[in-house]
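Here is a short report on a single protein chain. Look at the model first, then read on.

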Amino acid sequence: MNEAQRKGCPEWRVMLHGFVDGELDSVHAAQFEDHLATCAHCRAEMERVRAVREIIDQEGVKWQPPEALRSQVLSMLSFEETAAASSLPLPRRVPIWRRALDFIRQWSFVPSLAVLAASAFLFANAPSQTLLLQDQIMASHVRSMMADHLTDVLTSDQHTVKPWFNGKIDFSPPVSDLAKDGFPLVGGRVDYIGDRAVAALVYRRHGHVINLFIWPAASAAQTTTVHDGYNMTQWSDGGLVFWAISDVAAGDLAEFESVFRAAARA
């Protein structure tokens with residue numbers, strides 16, 4: 001399937017592997033079968049995937065994977081180990097790219113060059129740990145407002161919020177009321193991202209909520225991005241990582257980061 005054809009059936013291309021693996025529910029399986037009846041390109045792609053599966057099941061001929069693929073696998077495994085050691089939150093779900101890692105970890109040789117191509121495709125399209133982390137942060141931000149659970153301690157007094165975290169998390173987050181800079185402190189709560197409890201400080205900017213998530217982690221490069229319509233910024237300081245998320249303008253969030261970092265160092 002060439003690039004133009006892939007762009008023409010993006011949603012079906014995502015469902016194709018689930019259909020071949022028997023992982024679709026009956027409704028989506030029926031929808032995909034209806035699509036196959038009218039799309040020769042997807043039928044050809046499905047046959048190609050099935051052919052790869054047949055090759056995987058064969059015994060006998062084995063091919064040593066190229067060094068580039070081996071290096072990429074080892075690099076990703078090393079990232080996982082580093083992330084775990086630094087308490088970087090990891091998702092609970094086990095997506096297809098993780099199953100691919102487990103598969104290759106168990107085999108020192110891969111049965112065919114076709115399988116190598118399939119493995120390379122999985123790695124090329126694997127979501128990064130950063131994107132998965134952003135998904136969790138966005139979900140926590142939205143959930144905090146939908147569930148009417150924005151704060152566990154509701155006060156603008158930073159000297160009340162900071163000690164409130166004692167005994168609830170295993171670190172002491174910096175807390176500052178930034179009302180004089182246009183970002184009043186609303187309160188704080190304990191949230192859960194990945195596999196650990198994190199501190200969440202809540203600020204407002206012209207009626208908009210800013211959630212600031214904090215937890216211990218190794219230093220990381222500063223990141224500013226837009227994720228599903230929300231502005232996000234990340235920075236590290238003093239052995240802690242900070243993720244701020246809000247629907248305020250990007251300039252306002254950048255200003256918030258600047259005044260918070262200045263107050264934390266004061």
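The text below covers confidence, overall make-up and one helix.

This is a predicted model, in which local features need pLDDT of at least 70 and side-chain atom pairs count only at pLDDT 80 or more, while totals for chains, interfaces and linings use all residues. Residues are numbered from 1 along each chain as its sequence is written, and side-chain values use heavy atoms, with hydrogens and water left out.

**Confidence.** pLDDT is the predictor's confidence in each residue, from 0 to 100. The chain averages 78. A score of at least 70 is reached by 67% of the residues. Two stretches with pLDDT under 50 are tabulated here, with their contacts (heavy atoms within 4.5 Å).

| Stretch | pLDDT | Contacts in the model |
|---|---|---|
| Residues 1-7 | under 50 | 7 contacts beyond four places in sequence |
| Residues 107-114 | below 50 | 20 contacts beyond near neighbours in sequence |

**Overall make-up.** The chain has 10 helices and 7 strands. These are DSSP runs numbered from the N terminus: helices are H or I, at least four residues; strands are E, at least two. Of the 266 residues, 40% are buried. Buried means under 20% relative accessible area, exposed over 50%, partly exposed in between (1.4 Å probe, protein chains only). The chain exposes about 14400 Å² (Shrake-Rupley method, 1.4 Å probe). Carbon and sulfur atoms supply 54% of that area. Among contacts with a separation of 6 or more, 61% join residues 24 or more positions apart.

**Helix α3.** Which residues of α3 are buried? In this helix, residues 26-36, they are Ala29, Phe32, His35 and Leu36. Seen down the α3 axis, the buried residues fall within an arc of 120 degrees, so they line one face of the helix. The arc is taken from the directions from the helix axis to the C-beta atoms. Ser26, Val27 and Asp34 are exposed on the other side of α3.
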